[in-house]
Amino acid sequence: MAKNVALVTGGMGGLGTAICKSLAADGWKVVANCLPDFPPAAEWLAKTKADGYDFFMAEADVTDFDQCAAMVKKIEAEIGQIDVLINNAGITRDAMFRKMGKDQWDAVMSTNLDSVFNVTHPILPLMAERGFGRVINISSVNGVKGQFGQANYSAAKAGILGITKALAQEVAKKGVTVNAIAPGYVGTEMVMAIKEEVRDAIVATVPVGRFGKPEEIGDLCAYLASDKAGYITGATININGGLHMG
Ligand code: CAA
């Protein structure tokens, strides 16, 4: 099957970049979403170009419904039809619940969960109408098991599992699959921002004894996006080095 556009939200971040590269290696035309006027965008495009990738970029704040609809319209008109959507954009605002401000709750819920509604809403009907689509939502081991200091993040990432299963049922007969990936601790900036002593304590609990590599998540996305994965839908795929065995 001809490979059209794969859109990766938060495509210029640690996981996002690896996901973009794995999808490109599989022949998809990759569009990396980022915030409007995102300062590192030009450098990211230049760096990935130098590494041999021809990525497109699409600006939209994923917390803004109208911006997401406009972004989808523009990609479909100017780059091509979106067959793959990776809802990857996400942030952390970790704090113990008693110290967590409403601003920290709202920021994580809107970026990590509302975003899935905002970006998927304009794309899913197009996929269903065309009879093919792959929606891959990046959840987290901490959405599956809950995490001390992450009431906001755990709630949003667990919410992603719910929307994944609901949407999978709605579009299963239309050739569209909807799945969630629940990565464990992957060596990106987000994880490296955890205090060193806390990080060391976490890695000590991972049975394989190391953090994950971003490309391990990217390659799983590429597999789920492929024709080979047509019978997987509504699933949560754990990829966490054994940290939590579902
Ligand atoms: N379970 C039980 N108790 C814990 C704990 C845990 N996991 N972590 C810390 N505590 C305890 C501490 O031992 C400490 O106890 P005492 O007061 O008795 O010494 C108490 O809770 C307070 O801990 P801190 O000193 O760390 O408190 P803090 O306010 O300075 O920091 C925190 C709180 C920001 C939540 C910090 O503990 C932290 O960063 N934790 C890690 C959270 C985490 O795992 N985030 C994942 C980010 S990466 C990501 O999200 C990607 C992904 O998908 C996996």
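**Ligand shell and local features of the predicted model**

One of the ligand's oxygen atoms sits 2.7 Å from an N or O atom in the side chain of tyrosine 185. This contact, like everything else described here, comes from a predicted model. Tyrosine 153 makes a contact of its own, with a polar side-chain atom placed 2.7 Å from an oxygen atom of the ligand. Lysine 99 joins in too: an N or O atom of the lysine 99 side chain is 2.9 Å from a ligand oxygen. Taken on its own, the ligand has 1,100 Å² of accessible area, and the protein covers 59% of that.

Stepping back to the whole shell, 19 residues surround the ligand, and the closest of them are Asp94, Lys99, Ser140, Tyr153 and Tyr185. Sorted by class, the shell breaks down into nine nonpolar, seven polar and three charged residues. Two helices turn up in this lining, namely H7 (189-192) and H8 (196-203), with each of them supplying at least two shell residues.

As for annotation, an unreviewed UniProt entry lists residues 4-184 under "domain: Ketoreductase". In the model, that span is 50% helix and 19% strand, and the C-alpha atoms at its two ends lie 29 Å apart.

Serine 140, one of the closest residues to the ligand, also has a link to a distant part of the sequence. The C-alpha atom of serine 140 is 8.2 Å from that of asparagine 238, although 98 residues separate the two along the chain. Asparagine 238 belongs to strand S7, which runs over residues 236-239. Its relative accessibility is 32%, so asparagine 238 counts as partly exposed, between the 20% and 50% cut-offs.

Helix H2 offers a neat local pairing. Both threonine 48 and leucine 45 are found in this helix. A polar atom of the threonine 48 side chain lies 3.1 Å from the backbone oxygen of leucine 45. The two residues fall into separate exposure classes: threonine 48 is buried at 2% relative accessibility, whereas leucine 45 is partly exposed at 25%. Leucine 45 can also be placed against alanine 32, which is 13 residues away along the chain, with 9.5 Å between their C-alpha atoms.

A comparable side-chain-to-backbone contact shows up in helix H4 (residues 102-130), where threonine 111 is located. Here the side chain of threonine 111 reaches the backbone oxygen of alanine 107 at 2.9 Å. With a relative accessible area of 14%, threonine 111 is under the 20% cut-off and therefore counts as buried.

The loop between strand S2 (29-34) and helix H2 (41-50) holds aspartate 37. Most residues other than glycine have a negative phi. Aspartate 37 goes the other way, with a positive phi of about 55 degrees, and it is not a glycine. Its relative accessible area is 67%, which means that aspartate 37 is exposed, being over the 50% cut-off.

Finally, the aromatic side chains. Four aromatic pairs are present in the structure, and Trp44, Tyr53 and Phe55 come together as one aromatic cluster.

Definitions and conventions
Residues are numbered from 1 along each chain as its sequence is written. This is a predicted model: local features need pLDDT of at least 70, side-chain atom pairs count only at pLDDT 80 or more; totals for chains, interfaces and linings use all residues. Side-chain values use heavy atoms; hydrogens and water are left out. A residue is near a molecule or strand if one of its heavy atoms lies within 4 Å of it. A polar contact is a pair of N or O atoms within 3.5 Å; within protein, one must be able to donate a hydrogen and the other to accept it, and residues adjacent in sequence count only if both atoms are side-chain atoms. Accessible areas come from the Shrake-Rupley method with a 1.4 Å probe; for residues, only the protein chains shown count as cover. Helices (H or I, at least four residues) and strands (E, at least two) are DSSP runs, numbered from the N terminus. Ala, Val, Leu, Ile, Met, Phe, Trp, Tyr, Cys and Pro count as nonpolar, Asp, Glu, Lys and Arg as charged, and the others, Gly among them, as polar. UniProt positions are given in the numbering used here, feature names are shortened, and annotations may be inferred rather than shown by experiment. Rings of Phe, Tyr and Trp (its six-membered ring) pair if their centres lie within 6.5 Å; planes under 30 degrees apart count as stacked, over 60 as edge-to-face and the rest as tilted. Buried means under 20% relative accessible area, exposed over 50%, partly exposed in between (1.4 Å probe, protein chains only).
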